[in-house]
Amino acid sequence: MRDAFRIRLGWLLAAFALAAVVASVLVGSESLSAAQAWREWRAGIPLPEAPTLSVFINQRMPRTLTALLAGAGLALAGCSFQALLRNPLATPYTLGVASAGSLGAYVAHVFALGTSVTFLSFGTVQAFAFAFAVADVLLIYGLAVRKSRVSPTVLLLAGVTLNMLAGSGIMFMRHLARPEHLVTMERWLMGGVDVIGFDPVLVLLLSVTPCAVVLLAQAAKFDQLGFGAELAAGRGVNVKRLQAVTFVVGSLMTAVIVSEVGPIGFVGLITPHAVRTFVGSRHRILMPLSLLAGAGFLCCCDIVARVMLPGETPIGIVTSLIGGPFFIYLLVRRKFAD
């Protein structure tokens with residue numbers, strides 16, 4: 001009976017993600033007629049002369065796919081870090097990846113490094129954000145690794161410390177920045193999937209997909225790790241390898257997502273918790289369902305961001321407005337504090 005419910009929930013989340021994709025393509029500050037786009041495509045009209053089809057292909061579809069991939073990656077990374085650290089409050093950003101990436105983006109803007117040649121969608125700002133995030137990953141791993149395994153406690157404390165250091169660095173960059181740079185970077189820090197063209201989608205696809213496959217393959221080991229590192233090792237799990245793979249792969253995936261769309265909060269925190277409420281803590285079920293839920297959730301938040309106010313609301317604000325109260329509800333309902 002329980003397995004049947006999980007299967008139905010999986011199909012429901014898949015339908016939810018698909019519906020969010022369709023709605024995301026059609027809904028915006030101005031509605032898009034799918035019939036008109038189809039007629040323009042059938043007529044063979046060139047994109048510059050087909051306004052509806054051009055918006056559909058160059059703006060709505062890339063934006064929707066970016067939200068889909070970023071949401072899926074953040075939700076899966078959050079679920080993996082919660083298992084790795086055995087901490088229900090862990091997120092993809094707990095270990096400082098987002099703060100370090102934001103600092104790198106600030107450095108690129110403050111020192112006017114954002115006008116160089118780009119590769120795909122990876123301009124200098126994205127490259128600096130990714131480089132600083134990777135440096136954070138390497139430093140934390142170097143601090144936390146021990147002879148037998150990675151210490152989750154040291155990992156967490158090192159992440160919190162580097163989060164604070166990166167925050168101080170951001171404040172210093174703000175002090176040095178010119179006003180126009182401050183405006184640009186404040187907007188970047190709020191997150192956004194408002195991309196143009198398919199280059200960002202390609203970057204996310206080539207990074208999120210292999211990382212997601214690797215993390216999903218660890219699901220059964222996460223179930224064993226939940227009973228404790230010693231018991232998991234006694235059951236044949238290579239705990240040190242599992243910790244290293246989860247930390248490195250999850251952090252690198254998060255670094256790429258942050259460099260492309262900015263530090264969008266709450267997706268990696270509330271999505272695994274919401275799914276866990278219905279299916280329990282078996283990671284072979286929890287992780288793929290969290291992936292689907294995160295993809296659909298971020299697509300829905302992007303739709304709200306487009307229509308909530310005139311102009312466009314940064315998506316990070318929407319995820320916080322939705323995610324904060326919802327997570328408080330989960331805390332009250334499940335009584336984590338008891």
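Is Cys299 buried or exposed? In this predicted model, Cys299 is buried, and its relative accessible area comes to 0%. The residue that follows in the numbering, Cys300, has a relative accessibility of 27% and so counts as partly exposed. The sulfur of Cys299 has its closest cysteine partner in Cys300, but the two sulfurs are 7.0 Å apart, which is too far for a bond. A disulfide would need the pair to lie within 2.5 Å. Cys300 is likewise in no disulfide, with the sulfur of Cys299 as its nearest at 7.0 Å. The count of disulfides, then, is zero.

How far can the model be trusted? The mean pLDDT of the protein is 84, and 92% of the residues reach 70 or more. Confidence varies from element to element: helix H8, covering residues 199-216, has the highest mean pLDDT at 93, while helix H2, residues 34-42, has the lowest at 74. As a general caution, predicted coordinates should not be read in detail where pLDDT is low.

Next come the aromatic rings. How many aromatic pairs turn up in a search of the whole structure? The search finds one. The pair joins Phe128 and Phe132, whose rings are stacked, with 6.3 Å from centre to centre and 25° between the planes. The planes count as stacked because the angle is under 30 degrees. Both residues belong to helix H5, which runs over residues 124-144, and they sit four residues apart, or about one turn of the helix. Neither ring-bearing residue is buried: Phe128 is partly exposed at 26% relative accessibility, and Phe132 is partly exposed too, at 28%. Another ring, that of Phe227, has a charge for company, since the charged end of Arg235 sits over it at 5.2 Å from the ring centre.

Two side chains with polar partners come next. Ser99 is found in helix H4, residues 97-110. Its side chain makes a polar contact with the side chain of Asn163, at 2.5 Å. Setting aside neighbours within four places in sequence, Ser99 is in contact with Asn163, Ala166 and Ile170. Asn163 thus shows up both as the polar partner and among the contacts of Ser99. Thr254, in helix H11, is buried, with a relative accessible area of 0%. What does the side chain of Thr254 reach at 2.8 Å? The answer is the backbone oxygen of Gly250. Once residues up to four places away in sequence are left out, Thr254 touches Leu74, Ala77, Pro92, Tyr93 and Val97.

Two residues catch the eye for their backbone angles. Most residues other than glycine have a negative phi. Arg86 goes the other way, with a positive phi of about 50° although it is not a glycine. Arg86 lies in the loop between helix H3 (51-85) and H4, and its relative accessible area of 51% makes it exposed. Phe266 is the other case, with a positive phi near 75° in a residue that is not glycine. Phe266 is also placed in a loop, the one between helix H11 (239-261) and helix H12 (267-279). At 28% relative accessibility, Phe266 counts as partly exposed.

Finally, a couple of long-range pairs help to show how the chain is laid out. Leu12 lies in helix H1 and is exposed, at 54% relative accessibility. What separates the C-alpha atoms of Leu12 and Ala293? These two residues are 281 places apart along the chain, and their C-alpha atoms are separated by 9.7 Å. Gly28 and Ala255 are 227 residues apart along the chain, and for this pair the C-alpha separation is 28 Å. Gly28 itself sits in the loop between helix H1 (2-26) and H2. At 13% relative accessibility it counts as buried, which fits the cut-off of under 20%. Leaving out residues up to four places away in sequence, Gly28 touches Arg60, Arg306 and Val307.

Notes
Residues numbered from 1 in each chain as written. Predicted model: local features only at pLDDT ≥ 70, side-chain atom pairs only at ≥ 80, totals over all residues. Heavy atoms only, no water. Buried < 20%, exposed > 50% of the residue type's maximum accessible area, 1.4 Å probe, protein only. Phe/Tyr/Trp six-rings, centres within 6.5 Å; stacked < 30°, edge-to-face > 60°. Lys NZ or Arg CZ within 6 Å of the ring centre and 35° of its normal. Polar contact = N/O pair within 3.5 Å; in protein donor to acceptor, adjacent residues only side chain to side chain. Contact = heavy atoms within 4.5 Å. pLDDT = per-residue confidence, 0-100.
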